[in-house]
Amino acid sequence: MAVKAVPFHSKEYWQSRFDNEHHFEWLSSWSSLEQHIKPYLDSEPILHLGCGNSTLAFDMADHGYNYIVNVDYADNVIEHMKSMTDSEKYPNVLWYTADCLKPLSPQIDHTSFAVVIDKSLSDTIACGDTDDLTEQRKLAQNILEITRPQGVWLSISFSSERQHCALEGKWKWHRERAIPIKADQSHDKPGAPEIYHYLYVMRKVPCE
């Protein structure tokens with residue numbers, strides 16, 4: 001009997017899931033990411049794409065990174081996360097409904113960021129992509145356009161072979177590092193093989 005693949009690339013899938021799910025932390029939590037991404041963070045606004053119902057923004061704000069713009073295309077999860085946000089404690093943790101496969105600036109009222117983070121957003125888009133990576137290239141291009149020169153895209157993925165190739169132009173993504181991060185397997189059976197996720201550090205640089 002064939003196993004039906006989960007349509008992770010489908011907006012309808014996520015909207016239905018978020019109707020019943022209030023929190024899920026994809027891949028790595030802040031505690032496992034902090035040592036790896038902290039060198040790239042500062043006091044400037046951070047863009048978190050495909051945020052879902054992750055508490056990453058709150059965890060980062062609690063550690064001094066106070067200005068975080070969170071984006072997801074599922075309006076129900078954005079409304080849920082807005083309702084979860086203490087505006088006095090987190091005045092600059094913001095939530096926007098936006099489609100990352102369309103130009104981002106007009107959708108979120110921000111024009112540029114020095115740091116962009118996604119946790120498995122690239123993976124979900126890859127699930128429904130074509131062999132020539134049309135949708136992944138579109139994502140990479142839209143992130144490129146909203147990232148400042150020499151800014152970074154911190155992309156956390158299930159895949160050790162994820163590509164981050166934008167369309168041809170004056171700027172491109174340069175992979176500085178691909179860092180394996182051991183997954184939390186505290187609930188796995190004894191003897192289970194080790195699992196790693198991958199943090200890609202992509203830098204916006206001019207094309208040669």
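Trainee: Before we start, when do two strands pair?
Mentor: Good place to begin! DSSP looks for bridges between the strands. Two strands pair if the number of bridges it finds between them is at least two.

Trainee: Then how many bridges join strand 5 to strand 7?
Mentor: Keep in mind that we are looking at a predicted model. Strand 5 covers residues 147-157 and strand 7 covers residues 196-206. The two run antiparallel, and the bridges that join them number six.

Trainee: Which residue of strand 7 stands opposite Leu154?
Mentor: Leu154 falls within residues 147-157, the range of strand 5. Across from Leu154, in strand 7, stands Val201.

Trainee: Which strands stand at the edges of the sheet?
Mentor: The open sheet has seven strands in the order 3-2-1-4-5-7-6, with mixed pairing. Each edge strand has a single partner strand, so one side of it is left without a neighbour in the sheet. The edges belong to strand 3 (93-97) and strand 6 (171-182).

Trainee: And what is the average twist from one strand to the next?
Mentor: Follow the sheet along its order, 3-2-1-4-5-7-6. From one strand to the next, the twist averages 20°.

Trainee: At about what angle does helix 2 run to strand 6?
Mentor: Helix 2 is made of residues 30-37. This helix lies across strand 4 (113-119), strand 5, strand 6 and strand 7. Its angle to strand 6 is about 130°.

Trainee: Why are the buried residues of helix 2 on the same side?
Mentor: Here is a handy rule: an α-helix has 3.6 residues a turn, so residues three or four places apart point the same way. In helix 2, the buried residues are Trp30, Leu33, His36 and Ile37. They are on the same side because the arc they cover around the axis is only 130°.

Trainee: Which exposed residues does the face turned away from that buried side carry?
Mentor: The buried residues of helix 2 pack against helix 3 (56-62), strand 4, strand 5, strand 6 and strand 7. The face turned away from them carries Ser31 and Gln35.

Trainee: Is Ser120 buried or exposed?
Mentor: Ser120 sits in the loop between strand 4 and helix 6 (121-127). Its phi is positive, about 75°, although Ser120 is not a glycine. Buried means under 20% relative accessible area. Ser120 has 4%, so Ser120 is buried.

Trainee: And Asp109, is that residue buried or exposed?
Mentor: Asp109 lies in the loop between helix 5 (105-108) and strand 4, and its phi is also positive, near 60°. Exposed means over 50% relative accessible area. With 64%, Asp109 is exposed.

Notes. Residues are numbered from 1 along each chain as its sequence is written. This is a predicted model: local features need pLDDT of at least 70, side-chain atom pairs count only at pLDDT 80 or more; totals for chains, interfaces and linings use all residues. Side-chain values use heavy atoms; hydrogens and water are left out. Helices (H or I, at least four residues) and strands (E, at least two) are DSSP runs, numbered from the N terminus. Axes are lines fitted to C-alpha atoms, for helices over the stretch in contact, and angles run from 0 to 180 degrees between N-to-C directions. Contact means heavy atoms within 4.5 Å. Buried means under 20% relative accessible area, exposed over 50%, partly exposed in between (1.4 Å probe, protein chains only). The arc is that of the directions from the helix axis to the C-beta atoms.
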